[in-house]
Amino acid sequence: MKEWTREERYRELHDAEEVRDLYERISKSVYRQTYHIQPVTGLSSDPNGFALHKGVWHLCYQWCPWGAVHGLKYWYHVTSTDLIHWRNAGIGLKPDCFYDNRGTHSGSAISSGDDLYFFYTGNHRDDDWTRTPYTCAAVLGPDNRPKKLEKPLFGPRDDYSEHQRDPKIVWNEQKKLYFIFIGAQTMDKRGTVLIYKSPELLKGWTFAGELKVPGFEKFGGMWECPYIVNISGKDVLIFSPQYTKLPGRAESTNHNVYLIGAMDYDSLTFTPDGGYRYLDFGFDFYAAQGAANVGDPDKAILIAWIGLPDNHYPTEEEDWEGSMSLPRELRLKDGRLVQTPISGIETLRDKELTPDGTLPAACELEVCPADGDFDLNLFAKADGSGGMRLHYNAATKTCTVDKTGMDKRFNQSVGEVLDMPLDTPLKKLQIFIDRSSTEIFANSGEATFTTRSYPTADEFHYTVTDGASVKLWTMTPSVVDDFVI
Ligand code: FRU
């Protein structure tokens with residue numbers, strides 16, 4: 001693995017030509033995605049600034065241009081009119097001023113009137129590497145590039161640790177106020193959220209207080225990327241707690257969870273109806289963010305980074321890494337989130353193949369098992385050996401995914417076997433495979449399992465328990481992977 005010096009990781013990009021060779025080289029990789037958003041060069045991580053504005057979906061991702069390394073982070077901007085076909089729009093935010101000299105870190109967006117507003121964390125570091133996070137804003141310009149405000153909206157609080165970032169902007173109609181939720185850490189290293197309020201988007205921000213979540217006073221050491229949305233009259237709080245191990249998550253210390261409940265903006269209390277749940281049961285799913293302005297009170301649209309902080313992926317050798325998940329639709333049912341792939345994704349189905357035990361590199365697989373225990377082995381060798389095995393235990397209604405059989409193993413110490421428990425017996429698996437990712441939706445969105453997967457040239461077979469019905473389609477590429485900086 002390449003060792004990066006701090007200087008290399010935090011180098012500023014001055015000219016697109018500086019990364020053209022890297023782009024040309026990585027475009028030849030067999031692991032480049034075809035219908036998922038991925039870094040134009042280097043590394044992508046969190047989704048940022050996801051909103052619908054004047055009929056166009058805007059999304060940015062945390063981007064480090066130089067290679068598969070978390071260094072100086074930019075926002076890279078992509079756009080779509082249907083959430084399925086995406087185009088590169090170039091750099092969204094550049095870390096080029098005092099307040100963000102070491103990165104334009106994660107944040108959100110809101111469309112209001114004629115403008116699209118972005119809120120992000122300016123990651124300032126002194127020469128001695130002391131960090132000061134600022135909450136900053138930008139407005140989309142006529143050239144489709146966000147223009148940053150000269151001054152931050154507010155700086156950090158000194159009664160919390162340096163971890164204060166990832167502003168999520170929300171409008172509260174009842175109070176006629178905007179609120180910003182900031183992921184934070186207390187001085188005694190507990191994860192929390194800080195709330196700011198203002199009647200206006202670009203000024204007037206004051207600290208409202210710390211979010212209270214009864215029962216969650218000691219839950220992880222930092223809550224990254226908070227997101228709050230109202231679905232069918234319930235508030236849903238999604239966040240990524242870190243620095244803690246949680247049950248059923250093997251050795252991982254980074255997670256993405258949700259709570260369903262009620263948010264009271266007077267007392268700044270989120271009262272959960274019950275416990276937390278994992279947003280996704282897979283190996284790689286983090287920093288999920290929903291879009292603002294979806295326009296349907298019963299649905300939210302969510303997208304996540306198929307990856308985890310601190311993890312390493314095989315394409316590091318090729319100097320790139322990262323992918324977004326497919327956008328998902330979130331709805332509520334029986335006190336749970338139901339997550340389905342973005343509607344219209346079926347328009348990407350190209351040819352329906354006669355299932356013959358082989359897997360195209362980019363495909364959708366639909367498997368309806370017969371009753372009872374069931375096995376599905378993806379990315380197996382021709383003789384059925386190896387692969388990523390999904391075993392369903394009917395007695396416990398649990399799918400177990402074991403990736404130890406793959407030729408390319410990675411993040412072994414974090415865990416290579418995870419369970420996806422179901423509420424109802426397994427009836428259907430909808431699986432989206434792109435060249436280096438696999439997303440599994442069980443029982444029409446009752447549970448999901450997302451992971452990177454890097455099959456080698458021999459690993460393109462699948463086996464399935466007799467009696468299951470299988471449908472298979474190749475997928476049409478829908479994300480243009482062109483060189484726009
Ligand atoms: C989550 C995160 C955010 C931060 C960003 C920096 O993965 O650590 O909290 O803003 O990544 O890239």
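This note sets out points on the sheets, the ligand site and the cysteines of a predicted model.

1. Ligand surroundings. The ligand is surrounded by D46, Q62, K73, H105, S106, R165, D166, E224, Y286 and W305. Three side chains in this group may be described through their distances to ligand oxygen atoms. For Q62, a polar side-chain atom lies 2.6 Å from an oxygen atom of the ligand. For R165, the corresponding distance from a polar side-chain atom to a ligand oxygen atom is 2.7 Å. In the case of E224, an N or O atom of the side chain is 2.7 Å from an oxygen atom of the ligand. Taken alone, the ligand exposes 320 Å², and the protein buries 90% of that area.

2. The sheet β5-β6-β7-β8. This is an open sheet of four strands, in the order β5-β6-β7-β8, with antiparallel pairing. Its edge strands are β5 (104–112) and β8 (146–148), each of which pairs on one side only. On average, and with direction ignored, neighbouring strands of this sheet are turned by 30 degrees against each other. Within the sheet, β6 (residues 115–125) and β7 (residues 131–140) are joined by nine bridges in the antiparallel sense. T121 has T135 in β7 as its bridge partner.

3. The sheet β9-β10-β11-β12. A further open sheet of four strands has the order β9-β10-β11-β12, and its pairing is likewise antiparallel. Here β9 (160–172) and β12 (206–210) are the edge strands, each pairing on one side only. The average turn between neighbouring strands of this sheet is 25 degrees, direction ignored. Strand β11 (residues 191–198) pairs with β12 in the antiparallel sense over four bridges. Y196 stands opposite F207 in β12.

4. Q185. This residue belongs to strand β10 (residues 177–186). Is Q185 buried or exposed? With a relative accessible area of 5%, Q185 is buried, because the limit for that class is under 20%. The side chain of Q185 has a polar contact, at 2.6 Å, with the side chain of S161.

5. Strands β26, β27 and β28. Strand β26 (residues 387–393) and strand β27 (residues 398–405) pair in the antiparallel sense over six bridges. N393 has T398 in β27 as its bridge partner. The two strands, β26 and β27, form a hairpin with four residues between them. In the turn, K397 has a positive phi of about 55 degrees. Strand β27 is also joined by five bridges to strand β28 (residues 417–421), and these two strands run antiparallel. The bridge partner of T400 in β28 is D419.

6. Cysteines. How many disulfides does the structure hold? The number is zero. Why do C64 and C225 form none? The closest cysteine sulfur to that of C64 is in C60, at 16 Å, and this is too far for a bond. C60 also holds the closest cysteine sulfur to that of C225, at 14 Å, which is again too far for a bond. The cut-off for a disulfide is a pair of cysteine sulfur atoms within 2.5 Å. As to accessibility, C64 counts as buried at 0% relative accessibility, and C225 counts as buried at 3%.

Notes:
Residues numbered from 1 in each chain as written. Predicted model: local features only at pLDDT ≥ 70, side-chain atom pairs only at ≥ 80, totals over all residues. Heavy atoms only, no water. Buried < 20%, exposed > 50% of the residue type's maximum accessible area, 1.4 Å probe, protein only. Pairing = 2+ DSSP bridges. Axes fitted to C-alpha atoms, helices over the stretch in contact; angles between N-to-C directions. Near = heavy atom within 4 Å. Polar contact = N/O pair within 3.5 Å; in protein donor to acceptor, adjacent residues only side chain to side chain. Areas by Shrake-Rupley, 256 points an atom, 1.4 Å probe, with all protein chains shown as cover.
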